[in-house]
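Hi,

Here is the structure I said I would pass on to you. Have a look at it first, and then read my notes underneath.

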Amino acid sequence: MPSRYQVLSFLFFLSIITYLDRVCISVVGVRMKSDLGLSNEQFGWVLGAFALAYSLFEIPTGALGDRLGPRRVLTRIVLWWSAFTALTGTASSYVYLLVVRFLFGVGEAGAYPNSSIVISRWFPAVETGRAQAFIWAAGRLGGALSPLIVVPVSVAFGWRASFLVMGAIGVVWAIAWYLWFRDFPHERKGIPAEELRLIEAGRRFKAHEHHLPWRAILHNRNLWAVMLMFHFFMYGSFFFSSWLPTYLQEGRQFSEQQMKLFATLPFFLGAIGCFTGGFASDYLAKKRGLRFGRRMVGLVGMGLSSGIMLTAALTADNQTAAYLLAVGMAFKDLTLPVAFAVCVDIGKSRAGTVAGSMNMAGQLGAFFLAVLFGKIVDATGDYNMPLYFISFLLLCSSLLWLAIDPEKSIEQEVAEKVAV
């Protein structure tokens, strides 16, 4: 197996573990709320504490990876979040749980931006979309596996034990990553010379580029379009990874065993969507150009997801609604690897900073959704009401792809302003 694909295998398992740990709390949400006496609004704040911390630390941790390299930064990230995953299982009060989940978010922040740094350094540009597809499909597989693992563990040993199991898995990955991985292909012993030339000649990363100030980065219109697109995207995405099990059990009256199936299906279809979107984008980019290849997948995926989510909310039959939600996630996730591929396209050697900026904006959307969902449900008693809002924002996300230009890097836009 080529060395870059071995690297991708590590990132594949990292993404699985990320979502195993992230989705665990939503799978045991009903049990946890009952045990700790939490209202929907309080549980929303618990979910939001993670998203807020994740958002605040995305840019710093992405920039840190650009500077120090993803080998050390990803090792720290996984060890940190694994510790606070395990500590979630020791929660005995609402305040304690808020603090632990906030620190869990601090630890996990930067995982995907640093994965984008690895892609920018280890993969030629023509493979960026498909590499991101593997990473994000793995995350969806992690989300699909989480109910299948967590429900039996929580039934047999209680919901607390599931967090201890998930935390231990991450520690194993972190040790293996630090011992095996190197920040650049030329630092890795045994890589064939032909593969090294292929990577270094075709990758987005360029060594010794001139300094680009933060002010120039944060005043970039292209970047702001990407950030706003992903902000709206995450309202839909975080619903599936946080509120879906509760929605199915309390809003659609599924049993815990039924929930296990219907909370797994969206992530399974989402994995297919990630693979399809990443490969389709690279294929269309080769045939019709990078701008067409990235935009078309984003427009179609998010637009269809918006309509299907709205239809699910309006559907009276519970099982039909659950199937529609799963299909809606599949179309939504066509866009996910493409969004991170665009970060590499426009960020190049600063892919970590750009991906961190995009994911920061996205996680702010996740934070708002986590809190608003609980508030709306407690106020109205209607679990479908938030889905109307989510559907509208997914449509906005789709239209924003018309403003995103993956062919114009941040350096290029800054140079054009200087020339003027």
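Below is what I found, going through two helices, a surface patch and three single residues.

Before you start, note that this is a predicted model: local features need pLDDT of at least 70, side-chain atom pairs count only at pLDDT 80 or more, and totals for chains, interfaces and linings use all residues. Residues are numbered from 1 along each chain as its sequence is written, and side-chain values use heavy atoms, with hydrogens and water left out.

Let's begin with helix α6, residues 94–108. Helices here are DSSP runs (H or I, at least four residues), numbered from the N terminus. The expected span of a helix is 1.5 Å times one less than its number of residues. For the 15 residues of α6 that gives 21 Å, and the end C-alpha atoms are 21 Å apart, so the two agree. Which residues of α6 are buried? They are Leu97, Val100, Arg101, Phe104, Gly105, Val106, Gly107 and Glu108. Buried means under 20% relative accessible area, exposed means over 50%, and partly exposed is in between (1.4 Å probe, protein chains only). Those buried residues pack against several helices, including α1 (3–27), α3 (40–56) and α9 (159–180); contact means heavy atoms within 4.5 Å.

The ends of α6 are worth a look too. Ser93 caps the N-terminal end, with a side-chain oxygen 3.2 Å from the backbone nitrogen of Tyr96. After the helix comes Gly110, which has a positive phi, near 95°.

Next, helix α15. It also has 15 residues, which should span 21 Å at 1.5 Å a residue, and its end C-alpha atoms are 21 Å apart, which agrees. At its start, a side-chain oxygen of Asp317 reaches to within 3.4 Å of the backbone nitrogen of Gln319. Among the buried residues of α15 are Ala321, Leu325, Met329 and Lys332. The cover over the buried residues of α15 includes α8 (128–157), α13 (256–288) and α16 (336–347).

Leu324 sits in α15 as well. Is Leu324 buried or partly exposed? It counts as partly exposed, because its relative accessible area is 22%. Leaving out residues up to four places away in sequence, Leu324 touches Ile308, Thr311, Ala312 and Thr315. Its C-alpha atom is 9.2 Å from that of Pro266, although the two are 58 residues apart along the chain.

Now try Leu364, in helix α17 (residues 351–380). Leu364 is partly exposed because its relative accessibility is 27%. How far apart in space are Leu364 and Ser55, C-alpha to C-alpha? The answer is 5.8 Å, with their positions 309 residues apart in sequence. With residues up to four places away not counted, Leu364 touches Leu52, Ser55 and His231.

Asn384 is in the loop between α17 and α18 (385–400). At 14% relative accessibility, Asn384 counts as buried. Its side chain makes a polar contact of 2.6 Å with the side chain of Tyr247. A polar contact is a pair of N or O atoms within 3.5 Å; within protein, one must be able to donate a hydrogen and the other to accept it, and residues adjacent in sequence count only if both atoms are side-chain atoms. Beyond four places in sequence, Asn384 touches Tyr247, Arg252 and Ala313.

Happy browsing!

How values were computed: Helices (H or I, at least four residues) and strands (E, at least two) are DSSP runs, numbered from the N terminus.
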